[in-house]
Amino acid sequence: MAVAVEKLITSDIVKPARYLGNELLAIHKPWNTAEIRWVLTYPEVYEVGASNLGHIILYNILNSQPRQLCDRAYLPGPDLAAKLRTTKTPLFAVESRRSLTDFDILGFSLSYELGATNILEMLDLAGIPLTWRERLEAEGRGDQGDEEATSSSSPPSFSYPLIFAGGQTATSNPEPYADFFDFFALGDGEELLPEIGLVLEEGKKARLSRKELLLDLAQIPGVYVPQFYDMASDGSVHPNQPNVPKRIVRRVATPIPAYSIGLVPYIEPVHDRLVIEIRRGCTRGCRFCQPGMLTRPARDVEPADVVEAIDSGMRQTGYNEFSLLSLSCSDYLSLPAVGTEIKNRLKNENISLTLPSQRVDRFDENIANILGGTRQGGLTFAPEAGTQRMRDIVNKGLTNEELLRGVKTAWEQGWDKIKLYFMIGLPGETDADVLGIAETVSWLQRECRGKGRRPLSFNLTISNFTPKPHTPFQWHSVSTAEFERKQALLRQAFRRIKAAKVNFTDVRISAMEDFIGRGDRSLAPVVRRAWELGAGMDSWYDSVEKAFSAWGQAIWEAGLDWKYRQVEKGEWNLFGKQDEEDKQVTSPSSPSSPSSPSSPLDAPLPWDHIDTGIDKKWLKEDLQRALEAATVPDCSFEGCSHCGVCGTDFGHNVVISPPSIPEFAGEFVPNTTKAQRLRVWFGKLGGLALVGHLDLMRLFDRSVRRAGLPVSFTGGFHPTPRISIAHALPLGVTSTGEIVDFELTQPVDVETFRQKLAKALPLDIPIYQVEQLDLKASSANQLLEAAEYLITVACQQETTPIQWESWIDAIKAQDEILWEHTTKSGKTQLVNLRDRLFELELFELPKRPEHQEESTVILRYVGSCRHDGVLLRPEQILSMLEQVAGTDFHLLQIHRNRLILGV
């Protein structure tokens with residue numbers, strides 16, 4: 001069922017361009033030629049989901065499969081969600097604009113413990129029952145009713161798509177969410193999802209029932225179907241039939257950078273850049289780090305493939321920034337060579353490189369060169385702990401000397417502000433370790449001082465340790481009271497330190513993440529009830545209070561508040577007072593010792609049936625090493641740590657020797673030459689009317705880059721392309737008369753310029769005319785005098801052409817029609833609108849559209865439109881009409897015909 005999106009996506013909702021579905025590099029495959037139709041849904045708002053690299057990669061891979069189609073859906077904003085419910089319209093996929101129930105399979109990314117409430121919100125908006133049992137029951141009832149009407153030769157038609165989840169949280173512990181999904185895709189999806197698609201296609205041809213199809217899917221390594229498994233009284237999970245595996249293996253795939261190129265949003269997403277993965281997996285062995293344990297082995301991408309993907313991607317997308325992605329970019333030995341090669345190739349295009357949090361011990365001048373320049377990005381390091389002892393306990397592999405050397409190198413290379421990540425509540429932590437964070441920051445500031453330089457400042461994020469499944473610290477927890485006490489210690493300590501901004505994470509949300517993240521199937525009703533009580537977008541700061549209240553109420557109603565109190569009190573804590581800790585370490589027969597036969601570490605865990613490759617015995621041994629502050633080397637570069645991953649199922653570490661680093665060609669120098677000025681008249685039609693002015697500026701910048709046109713730059717510290725749009729068009733207003741000026745560094749044939757620019761722009765931004773100007777000519781914005789509009793106006797009463805003409809004549813006859821204007825400072829002014837009106841006429845006669853009570857007309861007017869703010873807006877025409885007619889009018893549509901320039 002196609003959804004009438006144009007009636008829902010209007011300018012009165014926040015960022016309506018989120019839902020257009022026609023971004024650059026979006027893939028529109030014919031609906032009728034596809035055998036299997038996917039929807040990949042990211043359960044966050046569009047700005048987050050559309051910039052997620054995994055979302056982009058899998059979208060591109062699925063659409064490259066024959067006979068398969070992949071569309072996208074995102075969590076709608078509260079305003080659109082309310083519209084969907086009010087109009088009883090199901091949630092739709094953004095490209096085909098079809099209801100999600102029209103698809104064969106619907107996949108969610110579950111990458112955060114509390115993110116399932118957003119998934120339930122999307123399922124509810126789509127009209128899909130929330131649990132696999134409810135879906136099975138609904139289809140059972142439908143099958144009985146349709147049995148006689150169904151032809152024996154037609155394939156089975158499921159009432160609802162198969163619902164599955166993937167992502168880090170789904171892979172680590174799917175049990176709290178098992179009731180909601182037909183299956184989980186564990187691990188990397190690049191090879192797994194196409195295999196699932198083939199099984200679905202064969203199952204559809206064979207007319208398999210939903211249960212039969214899921215049984216076939218369960219035979220694919222990496223597919224976990226919860227309904228074929230039961231939870232025992234101790235929380236462990238076991239098969240309830242013989243033909244499914246006892247343990248489900250995590251899938252591992254080799255990254256392919258070419259699939260990272262895609263989806264250039266019209267609006268600004270959270271990561272507004274091209275992102276290319278350079279290394280998947282991390283073997284550093286940080287004992288708190290779940291991604292590091294879940295993504296082993298480490299696999300480098302060939303440097304030549306990375307360079308080619310970036311070079312091609314930047315030219316296809318028009319981005320002016322790219323990012324290299326890895327859990328530890330600095331462990332990609334080819335990073336300096338790759339970064340330098342790309343910076344050299346794109347030197348003249350004002351391109352910048354950003355990196356996520358990186359290893360401070362590997363930061364050197366080579367990396368500083370590729371990150372620096374006129375658009376120098378931020379720099380983030382993660383020491384994690386403030387003392388050497390704690391860094392050894394967590395196996396960070398970082399010394400004080402290495403920390404200082406990396407930070408000092410950054411300071412010497414021009415960085416005045418650095419972001420640091422620390423963590424509190426780690427096993428074995430003392431108050432001295434906590435205060436060591438403040439002492440470390442103060443020490444770094446003292447060591448990085450110089451004449452003529454401002455003091456080095458830090459932006460710190462101090463998070464609360466949350467134990468994660470499949471890590472050595474999965475058996476540990478800290479009470480919320482202890483977190484609050486340690487945060488208070490640090491707040492007091494940082495009062496004496498200047499140029500350090502400190503942010504703390506909310507201890508309540510950390511406790512909720514712990515409670516859900518290490519939970520079992522009994523928590524599914526809690527997740528559902530929390531959503532019913534309003535939980536959603538729980539990682540967003542402004543939702544914390546509502547989220548905490550909803551989750552707390554849901555836990556209490558489920559009778560599990562006693563279990564949550566265990567988390568709040570830190571009753572899984574294996575580290576007591578220091579003297580008790582010493583006894584536990586030295587006494588192998590201690591009940592809390594990892595080697596003890598009666599140790600709680602031997603108890604089954606809800607995620608034991610998920611085979612990530614990491615041996616549980618090795619996790620217990622590594623916990624013992626943590627108690628002794630013993631470190632384990634990185635097995636990518638030193639000896640094997642015997643964690644259990646490397647082998648047939650998961651492969652081995654792939655570390656590629658780095659190529660030589662090319663000579664750095666220098667930073668971008670803006671070309672400020674002005675050899676030619678061109679004025680372009682263009683339109684803004686269809687869905688592009690919902691793209692705001694700043695987003696339109698970005699669109700032109702990227703289009704010019706893709707077209708390879710030699711645009712001149714401004715000078716200064718932040719060079720920008722010399723592109724100037726004459727007058728901002730209000731959101732939702734269409735136009736056939738917009739103007740934009742370009743300044744070029746070298747002459748280009750006018751027709752060639754028009755063709756190249758038109759090819760790079762969306763179809764709804766047509767180019768009408770290009771004109772060459774004198775280099776000294778005034779800008780269009782300075783010459784702007786007036787604008788011509790066509791406005792569609794509705795009146796509740798029946799009207800005639802004579803009435804409209806009389807109202808128009810009455811307006812023209814007056815010398816003064818006042819409007820009360822409120823300035824930004826709050827002062828009120830009376831403005832004579834009549835002085836700003838130059839022409840007004842009835843353009844289209846009154847008519848009453850079908851199913852509409854109001855009669856409508858189209859008026860044409862020409863009014864003032866100057867860059868100094870003297871404007872006549874369409875809504876002010878209505879104010880004049882109401883003053884002369886004594887009745888109410890409604891503005892239905894606005895179209896700007898043209899902008900009128902003075903001489």
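**Exercise 1.** Decide whether Thr340 in this predicted model is buried or exposed, and describe its surroundings.

*Solution.* Begin with the cut-off, since a residue counts as buried when its relative accessible area is under 20%. Thr340 has a relative accessibility of 3%, and therefore it counts as buried. Next, place the residue in the chain: Thr340 belongs to helix H12, which covers residues 335–345. Then look for its contacts, setting aside the neighbours within four places in sequence; Thr340 touches Ile370, Ile661, Pro662, Glu663 and Phe664. Finally, consider a residue that is 487 places away along the chain, Lys827, whose C-alpha atom lies 55 Å from that of Thr340.

**Exercise 2.** Find which residues of the largest nonpolar core touch the most other members, and follow one of them into its contacts.

*Solution.* The largest nonpolar core holds 134 residues, and those that touch the most other members are Phe183, Ile196, Trp551, Phe700, Phe742 and Phe753. The greatest contribution to this core comes from helix H5 (residues 116–126), which gives 7 residues. Taking Phe753 as the example, and not counting residues up to four places away in sequence, one finds that it touches Leu678, Val680, Leu709, Phe742, Leu744, Val748 and Val770. Phe742 thus appears both among the contacts of Phe753 and among the core residues that touch the most other members. Apart from this core there is a second, separate one of 60 residues, including Leu355, Ile367, Leu371 and Phe494.

**Exercise 3.** State how many cavities of 30 Å³ or more the model contains, and describe the lining of the second largest cavity.

*Solution.* The count comes to 8 cavities of 30 Å³ or more, and the second largest of them has a volume of about 100 Å³. This cavity is lined by 16 residues, of which Ile56, Gly262, Leu263, Arg273 and Tyr319 are the closest to its centre. Sorted by class, the lining consists of 10 nonpolar, 5 polar and 1 charged residues. Helix H3 (53–63) and strand E10 (274–277) each supply at least two residues of this lining.

**Exercise 4.** Work out in what order the 6 strands of the open sheet are arranged, and examine the pairing of strand E3 with strand E4.

*Solution.* The strands of the open sheet follow the order E2-E1-E3-E4-E5-E6, with mixed pairing. At its edges are strand E2 (68–74) and strand E6 (223–224), each of which pairs on one side only. Within the sheet, strand E3 (residues 105–109) and strand E4 (residues 162–166) run parallel and are joined by 5 bridges; for Leu106, the bridge partner in E4 is Ile163.

Technical notes
Residues are numbered from 1 along each chain as its sequence is written. This is a predicted model: local features need pLDDT of at least 70, side-chain atom pairs count only at pLDDT 80 or more; totals for chains, interfaces and linings use all residues. Side-chain values use heavy atoms; hydrogens and water are left out. A nonpolar core is a set of buried Ala, Val, Leu, Ile, Met, Phe, Trp, Tyr and Cys residues joined through side-chain atoms within 4.5 Å. Buried means under 20% relative accessible area, exposed over 50%, partly exposed in between (1.4 Å probe, protein chains only). Helices (H or I, at least four residues) and strands (E, at least two) are DSSP runs, numbered from the N terminus. Contact means heavy atoms within 4.5 Å. On a 1 Å grid over the protein atoms alone, a cavity is a set of points where a 1.4 Å probe fits but cannot get out, and a pocket is an open set with protein on both sides within 12 Å along at least five of seven lines; lining residues have an atom within 4 Å of a point. Grid points are joined across faces, edges and corners, and a volume is the space filled by probe spheres set on the points. Ala, Val, Leu, Ile, Met, Phe, Trp, Tyr, Cys and Pro count as nonpolar, Asp, Glu, Lys and Arg as charged, and the others, Gly among them, as polar. Two strands pair if DSSP finds at least two bridges between them.
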